[in-house]
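Thank you all for coming; I would like to take a few minutes to walk through one model with you. Please have the structure open in front of you while I talk.

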Amino acid sequence: MLKVLVAGACSCVVSLTCFVPCPLLAQSAVRAQADRQQWYLNAGKMTYVVGVNEQGILQTLYWGPLLRDGAVVPVARSLPERASQYPPAATTPQEYPAYGAGIFPETALKVNSLNGDRTLVLHYESARVDGAKLEIVLKDTAQPLRVHLYYQAYAEGVLARWSRIENIGKGSFGIENAASATWNLPAGTGYSHRWLTGMWGGEFQLNEEPLKTGKSVQESRTGHTSHEANPWFSIGKQGETTEETGPVWFGELGWSGNWQIVTEYTSLEQPRVTGGYNPFDFHWTLAAGASLETPKFYAGYTDGGEGQASRILSQFQLQEILPKRGEAREAKPRPIIYNSWEATEMNFTADTQIALAERAAKAGVERFVIDDGWFGKRDDDHAGLGDWTVTPKKFPQGLKPIINRVHALGMDFGIWVEPEMVNPDSDLYRQHPDWAMNFPDRQRTEMRNQLMLNLARTDVKEWMFTWLDKLVSENDIAFLKWDYNRIWSEPGWNTAPGSSPEHPNPDAEKAIYLQSIRNLYEVIDRLRAKHPKLEIESCSSGGGRVDLGILERTDEVWPSDNTDALDRQDIQWGYTQAYTPQTMVAWVTDVPSMDHRMVPLQYRFVVAMQGALGIGANLTKFSDADMALSAKLTEFYKTVRTTVQQGKLYRLASPLAGDTSQMEYVADDGSQAVLLAYVHSQRFALPYAAVHLRGLDPDAMYHVHALDPDKYAGEATVSGSVLMGAGVNLKLRGDYDSTAVALERVR
Ligand code: GLA
C-alpha cells in the first residue's frame, strides 16, 4: 500500500496570487512551501525540491537524501551571466529547459511556431498538489503554448516525471523534440556513470566510466526499445559508490518505441540527464487545442550503493508497475515454464509436443508453452506470419486436444505470437500489402524474411485485437509469449492524418513512431481487460523490448536468446541492475550452448534459478538421472522462489570480475534467505572463499537447508552475525560447480 498521508485538504490550486500551503508530510508526499515558491517531494528516503526563481523560471533545487519535515533549501535564483557565452538560461538548472533565450546544453523541448519563431521561454503559471502528485504549469512568454509538468512520488523511493505540451492557440505548432524530464544532479566533480548496452545474444551489458565533460547518448532508433541500449541510467561518485555503499542517482524510462537518454556534464560541472522520446526523425504536429503527452521517466536516489538502487527499483516495479502491481507479494510468483522452441523449433507435431509435455510435468513444470510454428504455413521463418489460424497439418483437431492433455498433466497452457509482423509469403500480405510499413516506390527491406506491420493504422490495430481476442476466447490459454523479431525500416505512413498518397507530408507521417506504440499498448490493455487471467511475456529476439512501458502490461520478459549459462550470468548481472528478478525468465537448455560450451545440468539450473526458472531443453532426450536431478532442482526452487522473485537481491560477487560468483536474496519479511553460488573455473586447487551474506538480522538464528548437504560445510543452525561475519563455507570445485543454500529464520 502506498503510504500517502494526504487528504483532500491538501488538494489546492496554487498560483502566484493564491497560495495554500499543505501540511508537512512523509513517505510519498508533496509539500508546497508557499512563501518560498517551492515544492518538496518526498519519495521513500529521497527528497526532490523545485522552485520558481525571480525570473519566473522553474528550477531544480535539490535531489538527495530525505529532508526533515519543515527543512527548507535556499530559494531559487537564476545564475548570473558568467560571461557573454553563458546566459542564465544555459547555466541555471531548469526543470524543463526549452530551447530559447540562448540555451545551448541539451533541451527537453523544441517547438516551431507558425510565425517562424523557433524558441520558447517557459514561465511559471500555476501549481496543483494532490496527495503525492504535483502538477506545475508553465507558459511560454510569447506563444499560446502551455507545458504541464507532472510529478508523482512513490513510497518505494521513486519519483515519476512526465510532461504534457498543450496548444492553447488557434494555429498549430511543430514539435521537434519533447523529452519527459531533465534531471539535474548537484553540481560538482567526481561522478561516475553506468549504463546498459548490448546486442542480440548479449543484452544488458553493464558499462561504467567517469562522467566526462560532454554528452553520453543512449538511445534507440530501431522503433522498439532495442538490444543495443536499455533506457536506464545510474550515476554514482568515484571512490565512494560501490555495490553496497555510497550515493546513486538512477532512473529508467517507460517507453517501448524510439527513446533517448542524454547524460551530460557541462564545462561548469553540472551533471544533467534528459530523456524521453528520441528526437531523431521526430515530428509531432500539435493542432489547436491538442496536447502531446510524454512517457514517464522514473528516477530515485539512495545512499545505499548500486545494490540498494536495484532493490528500490525492484520493489517499485512489483508494487507500482507490473500488471498485478501491489498484489505481487500476495500473488503466486511466476510459474515454472517449459518452452518447446529450442527442443523442436518449428518442426513438430501434436504428438511430439505431448511427449515433451509429459516429461515437463514429471520435471515439476507448471506451464507448458508451444512456441513458433503452430499456425498458417509456418514450417520455417519464410512463411505464415500474419495467418493466425492453427495449422491442421500439425493440429488436425485444433489446439483443444493438446490443451486438455496439458491440463490433465497438471499444467496450464501458453502459446507464442508475433502480432506486429508479416511474411510476404502469407495470405495476410497478399490481401493487405498496404498494411506493411513502406515508402512508395522503395524496396521494402526484409529481415528474417518478414516485414513490419504498420500498427499506427487503426485497421491494423483492430485486426490485431480481433484475432488475439478470438484465439484467447476460443482456447483455454493462460499465457502469450508476445514476440517481435526485427527492427524498423522504411517507416512510411502515407495515410497518416495530414498526409495522403496524393499529397504526402513527411512530417505528418513521422507520427508513426508514437502512434504504433500507443496502439500496441491499447491492444494489450484491451486484451488484458477482457481476459483478466491472461499473462504475457515480452520477447523481442530475446531482450529487445524491456522497459517500464511494456512492463506495465506484461508479466515477465525473455532477456536473451542466449541460454549459455556462463553468458547468462553476465546478462543477468546487468538485467538485475534495472529490473526485478521476478520478470527475468531463464530456461535450462541443452548443451553444447551457442558458445559450444559444455556445462553440467545443475549449473544450468542454479543459474536459471536467479530469476523465473524455466526449462527449454529437449526433455525427451534426458536420461533418468537427468530427469531425477531436474525434478529435485525444481522442487528446491519452489521452496525459495518467492524470496528470489520478490525479495531483496544482494549481488555478492560478480561473474564479470572473477571465477566465482554469488547472488543472495532475502525475503521481505526476513523469514528466509537464499544463496546461489558458483565457480566456473577453479584455480590452483584453492578452496572456495567464505561467502559473507548480507541483509540478515545479526541477532536471529537461521536453519540451513542446503541443496547439496555435501557441498555445505557448517552448522545446521547458524546466527545471522556468523553468516554475515564469518560467512558460509562451501565445497565447490572444478569447472562449473554450483550449489544453493536456503536459510530459514527460526528465531
Ligand atoms: C525469437 C525468440 C525465440 C523464439 C523464436 C521463434 O527468436 O526470441 O525465443 O520464440 O523467435 O521464432
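**Domains, ligand and some unusual backbone**

Let me begin with the overall layout, where the centres of domain 2 and domain 3, taken over C-alpha atoms, are separated by 41 Å. Please keep in mind throughout that this is a predicted model. The assignment divides the chain into domain 1, covering 88-321, domain 2, covering 337-558, and domain 3, covering 650-745.

Now to the ligand. Which residues come nearest to the ligand? Of the 13 residues around the ligand, those are Asp371, Asp372, Arg448, Lys481 and Asp561. If we sort the shell by class, it consists of six charged, four nonpolar and three polar residues. Three side chains deserve a closer look here: Asp371 places a polar side-chain atom 2.6 Å from an oxygen atom of the ligand, Lys481 has one at 2.7 Å from a ligand oxygen, and for Arg448 the corresponding distance to an oxygen atom of the ligand is 2.9 Å. As for how much of the ligand is covered, it exposes 310 Å² when taken alone, and the protein buries 96% of that.

Let me move to Thr225, which sits in the loop between strand S14 (214-219) and strand S15 (229-237). Is Thr225 buried or exposed? Its relative accessible area is 0%, and because the cut-off for buried is under 20%, Thr225 counts as buried. Its contacts, leaving aside neighbours within four places in sequence, include Ser220, Pro231, Trp255, Ser256, Gly257 and Trp259, and also Gly544, Arg545, Val546 and Asp547. With Trp255, which is 30 residues away along the chain, the C-alpha to C-alpha separation is 7.4 Å, and with Asp547 there is a polar contact between the side chains, at 2.7 Å.

A second buried residue to look at is Gln152, which has a relative accessible area of 13% and belongs to strand S9, residues 145-154. Its side chain makes a polar contact of 3.5 Å with the side chain of Tyr154. Not counting residues up to four places away in sequence, Gln152 touches Ala132 and Lys133, and also Val158, Leu159, Ala160 and Trp162.

I would like to finish with the backbone. As a reminder, most residues other than glycine have a negative phi, and most peptide bonds are trans. With that in mind, where do we find Glu269, whose phi is near 65° and therefore positive in a residue other than glycine? Glu269 lies in the loop between strand S17 (259-265) and strand S18 (271-277), and at 36% relative accessibility it counts as partly exposed. Ser541 also has a positive phi, near 45°, and is placed in the loop between strand S28 (535-538) and helix H10 (548-551); this serine, however, counts as buried, at 13% relative accessibility.

Finally, there is a cis peptide bond, which joins Val591 and Pro592 and has an omega of about 0°. Pro592 itself is found in the loop between strand S30 (585-588) and helix H12 (601-608).

If you take a second look at your screens, I would suggest going back to Thr225 and its side-chain contact with Asp547, and then to the ligand with Asp371, Arg448 and Lys481, each of which has a polar side-chain atom by a ligand oxygen, at 2.6 Å, 2.9 Å and 2.7 Å respectively. Thank you.

Note on methods: Residues are numbered from 1 along each chain as its sequence is written. This is a predicted model: local features need pLDDT of at least 70, side-chain atom pairs count only at pLDDT 80 or more; totals for chains, interfaces and linings use all residues. Side-chain values use heavy atoms; hydrogens and water are left out. A residue is near a molecule or strand if one of its heavy atoms lies within 4 Å of it. A polar contact is a pair of N or O atoms within 3.5 Å; within protein, one must be able to donate a hydrogen and the other to accept it, and residues adjacent in sequence count only if both atoms are side-chain atoms. Accessible areas come from the Shrake-Rupley method with a 1.4 Å probe; for residues, only the protein chains shown count as cover. Ala, Val, Leu, Ile, Met, Phe, Trp, Tyr, Cys and Pro count as nonpolar, Asp, Glu, Lys and Arg as charged, and the others, Gly among them, as polar. Domain bounds come from an automatic or database domain assignment. Helices (H or I, at least four residues) and strands (E, at least two) are DSSP runs, numbered from the N terminus. Buried means under 20% relative accessible area, exposed over 50%, partly exposed in between (1.4 Å probe, protein chains only). Contact means heavy atoms within 4.5 Å.
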